[in-house]
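This report concerns a single protein chain. The reader is invited to consult the sequence and the coordinates alongside the text.

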Amino acid sequence: MAFVDEVTIRAQAGKGGDGVVRWLHIRGKEKGGPSGGDGGKGGDIILEGVRDLAVLATYRYEKDFKAEGGENGGGDLMTGRGGEARVLKVPVGTVARTESGEEFEITQEGERVTVFHGGAGGRGNATFKSSTNQNPYEHTPGKPGEGGDIHLSLKLIADAGLVGLPNAGKSSLLNALTRAKSKVGAYPFTTLEPNLGDFYGHIIADIPGLIEGASAGKGLGTKFLKHIERTGILLHLVSADQEDPAAAYREVRAELESFGHGLAQKRELLILSKIDLIPPEMRETRSKLLAQASGGEVLQVSALEPDSLKHFSDSLAKFLTGAK
């Protein structure tokens, strides 16, 4: 199923049940007094957070959702049953916006937010009884429920996000560090959707490769830059076979700064990846160039060299633990 991170649906909360006119049945009296009950409340439209990134794809074809209406009131002062809520599952990290401008964020698994409220039930004739109106015929219909379009937009929530140019080795590294099964290929834009992996309790997101102009929509553009907004730390990969690794680093940094939203201010760990592609004597030289460009620490790794991967994994675990 294709990855979907934005979709617009239409939802309608349930109408409230109608209040009714009823009378008590007492032997010898045609009307023993009003006993019409109120209508039940209509069902709400509720969003619930789940740990399934693909769930928004289920809304590509089914886009209209309705909650159950409330039942009408009954005799003997019986209030109608309330309508069942319609619960729509969305991935954790979803931002929901309604036509009226209301915005809701779902940030935890199991979290529920009510987007549209069901209509109130109408009043039965018993509620209109007064000292001057002993046998009221008045009753009111149930109120309509709220409804309208809901725009759902997913922004991943992760402890760390892997960023870099296409073919920097992000997917291979995520697969090697976690049990993720990201697609790997020797061509740009192998990763067409974000992937998540669990690294000793830290969630790492593999963000599709960025290119010059991404912040303006070029390539995969802003479609995936937004997913970096909620990552705690950036793990910035630069492939060791880049002739000018510092320039590759600055290209991605420029896109992060152009996009804004605080991306350039996030804590960053620079990683010289794919070190198996260059001789050992060149690794330190290129790491130093990156350190000069970034002003920070540089780790080296190859997903194909077990010793390198083990050393990197230990260092990364310490870094992430200290960053929490």
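The account below moves from the chain as a whole to one sheet and then to two residues.

**Overall architecture**

The structure is a predicted model. Its secondary structure consists of 5 helices and 14 strands. The chain has 324 residues, and 48% of them are buried. Its accessible surface amounts to about 15900 Å², with carbon and sulfur atoms contributing 49% of that area. Of the contacts with a separation of 6 or more, 73% join residues that lie 24 or more positions apart.

**An open sheet of three strands**

An open sheet is formed by 3 strands in the order 4-2-7, with mixed pairing. Strand 4 and strand 7 (112-116) are its edge strands, each pairing on one side only. From one strand to the next, the twist averages 30°. In general, the strands of a sheet pair through backbone hydrogen bonds, in either a parallel or an antiparallel manner. Between strand 2 (residues 45-50) and strand 7 the sense is antiparallel, and the pairing extends over 4 bridges. Glu48 takes part in this pairing, with Arg112 of strand 7 as its bridge partner.

**Two residues in contrasting settings**

Asp76 and Ser153 illustrate an exposed and a buried position, respectively. Their relative accessibilities are tabulated here.

| Residue | Relative accessibility | Class |
|---|---|---|
| Asp76 | 59% | exposed |
| Ser153 | 6% | buried |

Asp76 belongs to the loop that links strand 3 (64-66) and strand 4 (86-91). Because its relative accessibility of 59% is over the 50% cut-off, Asp76 is classed as exposed. Leaving aside residues up to four places away in sequence, Asp76 touches Leu24 and Ser35. A further spatial relation involves His25: the C-alpha atoms of Asp76 and His25 are 9.3 Å apart, although 51 residues separate the two in sequence.

Ser153, by contrast, is part of strand 8 (residues 147-154). Its relative accessible area of 6% falls under the 20% limit, and Ser153 therefore counts as buried. With residues up to four places away in sequence again excluded, the contacts of Ser153 are Asp5, Glu6, Gly93, Thr94, Val95, Arg97 and Lys226.

How values were computed
Residues are numbered from 1 along each chain as its sequence is written. This is a predicted model: local features need pLDDT of at least 70, side-chain atom pairs count only at pLDDT 80 or more; totals for chains, interfaces and linings use all residues. Side-chain values use heavy atoms; hydrogens and water are left out. Helices (H or I, at least four residues) and strands (E, at least two) are DSSP runs, numbered from the N terminus. Buried means under 20% relative accessible area, exposed over 50%, partly exposed in between (1.4 Å probe, protein chains only). Contact means heavy atoms within 4.5 Å. Accessible areas come from the Shrake-Rupley method with a 1.4 Å probe; for residues, only the protein chains shown count as cover. Two strands pair if DSSP finds at least two bridges between them. Axes are lines fitted to C-alpha atoms, for helices over the stretch in contact, and angles run from 0 to 180 degrees between N-to-C directions.
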